[in-house]
Amino acid sequence: MTAKLILLRHGESEWNAKNLFTGWVDVDINEKGIAEGKAAAGLLAKEGLLPDILHTSLLRRAIHTAYLALDGCDRHWIPVKRNWRLNERHYGALQGKDKAQTLEQYGEEQFMLWRRSYDTPPPAIDVDDEFSQHHDPRYADIPEADRPRTECLKDVVARLLPYWEAHIVPDLAEGKTVLITAHGNSLRALVKHLDGISDDAIAGLNIPTGIPLYYELDEDFKPVTPGGRYLDPEAAAASIEAVKNQGKR
Ligand SMILES: O=C(O)[C@@H](CO)OP(=O)(O)O
């Protein structure tokens, strides 16, 4: 038996459009993002990939996109599990900063180390910074000392995999079609695990906004086809290029 897994990065957000580092800042999707969420619904319906359960982050852009994608294929009623472990990577002191300005200020090498290296986190954010989530009640369950103040991709893998194993794999094992709505970097962490991508090669992987990525998984929950399949491959290719070039004016 194979299991069905759909990964969906949120639609374009207000801060994606403004080219700002976002991380855990809770910005919503914009008009384009809304259209992407609705288009995702059409793609799921066309393929007959109807989710039985949703796992989402605690961030509005993923929750809102999930609602649009599910509403449009009449699956708005399915059970939902929300967890901070699916959140975007915490971008530390870069949260709220302009990507182009950061690139200009620190140079391409440092900029890309912070954006895409596996194990170099940006500087930590001050807990009382206007873009810090340290006092946000939605994270009250995370012991204060463990609440992230910055994260590299390696940190995201470490906090995401326990959730994958304990909550998502059991749903897949029951034969449920699982939809995960999350973020560019939390999905990069999951794809790294699924496809066994090396710490170096993961730097070159980018996830487009709003386009479902479908994985059929074998009995060990490994992809039948490495890399899965975007339901709209052409749009995915164009969007991946745009994500890659963020920061360049
Ligand atoms: O700002 C962010 O949180 C992420 C995703 O939008 O950006 P990047 O692709 O630069 O990691």
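Here are some questions and answers about the ligand site and the cysteines in this predicted model.

User: Which residues are closest to the ligand?
Analyst: Quick background: residues are numbered from 1 along each chain as its sequence is written. In this predicted model, local features need pLDDT of at least 70 and side-chain atom pairs count only at pLDDT 80 or more, while totals for chains, interfaces and linings use all residues, and side-chain values use heavy atoms, without hydrogens and water. Counting residues with a heavy atom within 4 Å, 13 surround the ligand, and the closest are Thr22, Gly23, Tyr91, Arg115 and Arg116.

User: How far is a polar side-chain atom of Tyr91 from an oxygen atom of the ligand?
Analyst: Polar contacts here are pairs of N or O atoms within 3.5 Å. A polar backbone atom of Thr22 is 2.8 Å from a ligand oxygen, and a side-chain N or O atom of Arg116 is also 2.8 Å from one. For Tyr91, the distance is 2.7 Å.

User: Is Cys152 buried or exposed?
Analyst: Buried means under 20% relative accessible area, exposed over 50%, and partly exposed in between (1.4 Å probe, protein chains only). Cys73 has 8% relative accessibility, so Cys73 counts as buried. Cys152 has 4%, so Cys152 is buried.

User: How many disulfides does the whole structure have?
Analyst: A disulfide is a pair of cysteine sulfur atoms within 2.5 Å. Searching the whole structure for these gives 0.

Technical notes. A polar contact is a pair of N or O atoms within 3.5 Å; within protein, one must be able to donate a hydrogen and the other to accept it, and residues adjacent in sequence count only if both atoms are side-chain atoms.
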